[in-house]
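Biologist: I keep tripping over the words people use for protein models. Can we go through some of them together?

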Amino acid sequence: MLIDALQCGEFDRSVFETLSRGGYTCVTPTLGFWEGTLESMDALARWRDMERENADLIRIIRRADDIRACEADGKVGILLGYQNTNLLEDRIRFIELFADMGTRVMQLTYNNQNELGGSCYEDNDSGLSRFGREVVQEMARVGVVVDCSHTGDLTTLHAIEHSPKPIAVTHANASSIFPHKRNRSDAVLKALAETGGVIGCAAYRNITPAEACATARGFAEMVARTVEIAGVEHVGVGTDYSYKNDDNFREWMRKGRWTRTVQYGAGSVRTPGAVAKPDWLPGPENLKDLAPALRAVGFSAEETDKIMGGNWLRLYETVFG
């Protein structure tokens, strides 16, 4: 089983064919960053069209059993998710509606403070707001995974505390391994583990050590260090792999509609634009090379299976059944 908890960019049949060749069981695409309700519904509708047009290759995941069906028949499972909660437009009842339409993952904040809580890029992390507490409880009730990949550490800790179900950090690394605002502290990783959550180790160069971008073994060694913090039951993969990520796409991700100023996201003045894919991961089909690398650094076959997908499946079973 191979599950990647976060990818983004423009998906089409050629991408689905590549994912199929790569042996993917399930992948979470990004349906939106800053879009409101109507635009977010448009994205869901487009994915339903793509599922019909590519029914020989993909299946939209609504229950955990759908992932098992993909493992059995070789289709690629598509777990629909958003990297923000703008789609709710401050309406608590919309969470259930989006869940009914197939949404299974929502990130509480993207790169800015919002009504729910603090982003990793704010000077001061506000923690989870009153509305944010209501949202994480409602997401748990209706079966939507709470994602805190871009939230601040305090907001993440609050989400862990107030959610009645385990939460996720789908695509980030440990800040003790690679210091960066986008990465999560050891305190977060330990709290995540104590409550059954999972972190997906990211392969995005701006937040990943150089050695983990150079070889699959280097990435496996970073995974091993993450396991030392969180435990082998609570670490998976969330590459943050991006397709057709041109300047317009990056500008939308970083700026949305909220600013006219230059924004670098996880980049910097020194790395303002696109960054190269990891040397060992030039295409998504190479992710399967991580499994033998994990074995090479000391993980057992059972532990490797957990990291490559089993831990995500367990989380999904817990959250949406």
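Biologist: What makes S1, S3, S5 and S4 an open sheet, and which are its edge strands?

Modeller: The 4 strands run in the order S1-S3-S5-S4, with parallel pairing. Strand S1 (3-4) and strand S4 (58-60) are the edges, as each pairs on one side only. Strands here are DSSP runs of E with at least two residues, helices are runs of H or I with at least four, and both are numbered from the N terminus.

Biologist: How do you know that S3 and S5 pair?

Modeller: Two strands pair if DSSP finds at least two bridges between them. Strand S3 (residues 26-27) and strand S5 (residues 76-78) have 2 bridges in the parallel sense, so they count as a pair. Val 27 has Ile 78 in S5 as its bridge partner.

Modeller: By the way, this is a predicted model: local features need pLDDT of at least 70, side-chain atom pairs count only at pLDDT 80 or more, and totals for chains, interfaces and linings use all residues. Residues are numbered from 1 along each chain as its sequence is written, and side-chain values use heavy atoms, with hydrogens and water left out.

Biologist: Why is strand S10 said to be covered on both faces?

Modeller: Buried means under 20% relative accessible area, with exposed over 50% and partly exposed in between (1.4 Å probe, protein chains only). In S10 (residues 198-201), Val 198 and Gly 200 on one side and Ile 199 and Cys 201 on the other are all buried, so both faces are covered.

Biologist: And what are the partners of S10?

Modeller: Strand S9 (residues 168-172) pairs with S10 in the parallel sense over 3 bridges, and Ala 168 stands opposite Val 198. S10 also pairs with strand S11 (residues 235-237), again parallel and over 3 bridges, where Gly 200 stands opposite Gly 236.

Biologist: How do you know that the chain is a compact globule in terms of radius of gyration?

Modeller: We take the radius over C-alpha atoms, and the globule rule is 2.2 Å times the number of residues to the power 0.38. For 321 residues that rule gives a value near 20 Å, and the chain has 18 Å, so the two agree. Those C-alpha atoms fill a box of roughly 45 × 45 × 40 Å along the principal axes.

Biologist: How much of the chain counts as buried?

Modeller: Of the 321 residues, 58% do. The chain has 12 helices and 12 strands.
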